[in-house]
Amino acid sequence: MHPENAKTPVGELPPLELLRSFEAAARRLSFTLAAGELHLTQSAVSRQIQQLEASLGVLLFERRHRALVLTEAGGVLQRAVTDSLERLRDATARVRASAAPRQVSITSTPGFASLWLIPKLARFTGTHPQVDVRVSATLDVLDLDVSRLDLAVRFVPIGRGVGPALFEESVIPLCAPQVAASLREPADFSRLTLLTSEYPDHREAPTVDWEPWLKVMGLEDLRMKSTLRFTQYADAVAAAVAGQGVVIGRLPLLRELMRDGRLVAPLGEGAASHRGYFIEMSRRAASNRDAQDFAQWLRDEAEAAQRT
């Protein structure tokens, strides 16, 4: 040891970067390989080892021709440093995991999100206050894994459903009570404005959602006075609540509006649309307990709604 190199005072630990370089060099028995692993130069690792040896007052390596060998002191230090760094890595991983935000991400149609999910969502967040819920409301069918989503509520024909069924849909014309007062028979709809929403395929007829009900009622040729088209189904529903016309009601999405009396079914019963809502889970959801809880909560809410 050079006399000008002062030892580290007893009880004071050497800098962590010196210990990391020593651990890599002791494990690889090569300053060059340790340098490549640590993204340093070979000379930088060599200087750090010399600095560590000077601070401890002992040699840690025997420098042989094209080889390094740990001294007895080096072996003692290697065991201690390796164990300590492993403990630090484990503790850091646990701390990071506990600090990571808990999140559930879901995609659904805008109508399902605004009319059914969001009004109920406070019941989930109330029992899971640590979980952030991210809702992607879109008519696009998103790939769950590519979009890093946990689950989807898909609105599809019954025969194409993937995953647990949430509920099947039925359709029925709905309007505000003041509009319903002028309706006596199905033909009276011809005096009203049709409220409908756009479809991704704009070739779809504005009455496409009405077809199951029109068929049941024998009104396939019914034509209404005028049509108002909206980008979102929820906007067509809002127009119906405001008394601007009649909308095809998708049940159970609009059940709460019917219970509140803001929308009424003036004529007839609902007709099955042969479509439904299904819960599809992504591969990433398998390791997300909160996503699994959210899927179960969706099923519980759907069952409770059906009972009432």
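Which residue takes a positive phi in the hairpin of S1 and S2? In this predicted model, that residue is Arg66, whose phi lies near 55 degrees, and the hairpin to which Arg66 belongs has 2 residues between the strands. The two strands in question, S1 with residues 61-64 and S2 with residues 67-70, run antiparallel and are joined by 4 bridges. One of the residues to look at here is Arg64, which finds its bridge partner in S2 at Ala67.

From the hairpin the reader may turn to helix H3, which covers residues 42-56 and holds Gln48. The relative accessible area of Gln48 is 17%, and because buried means under 20%, this residue is classed as buried. Leaving aside residues up to four places away in sequence, Gln48 touches Glu17, Leu18, Ser21 and Leu40. With Ser21, one of these residues, Gln48 also shares a polar contact, in which the two side chains are joined at 2.2 Å.

The segment before helix H1, a helix that spans 16-28, contains Pro15. With a relative accessible area of 36%, Pro15 is partly exposed, a class that applies because the value falls between the 20% limit for buried residues and the 50% limit for exposed ones. In sequence, Pro15 is separated from Leu52 by 37 residues, whereas in space the C-alpha to C-alpha distance between Pro15 and Leu52 is 8.6 Å.

Note on methods
Residues numbered from 1 in each chain as written. Predicted model: local features only at pLDDT ≥ 70, side-chain atom pairs only at ≥ 80, totals over all residues. Heavy atoms only, no water. Buried < 20%, exposed > 50% of the residue type's maximum accessible area, 1.4 Å probe, protein only. Polar contact = N/O pair within 3.5 Å; in protein donor to acceptor, adjacent residues only side chain to side chain. Contact = heavy atoms within 4.5 Å. Pairing = 2+ DSSP bridges.
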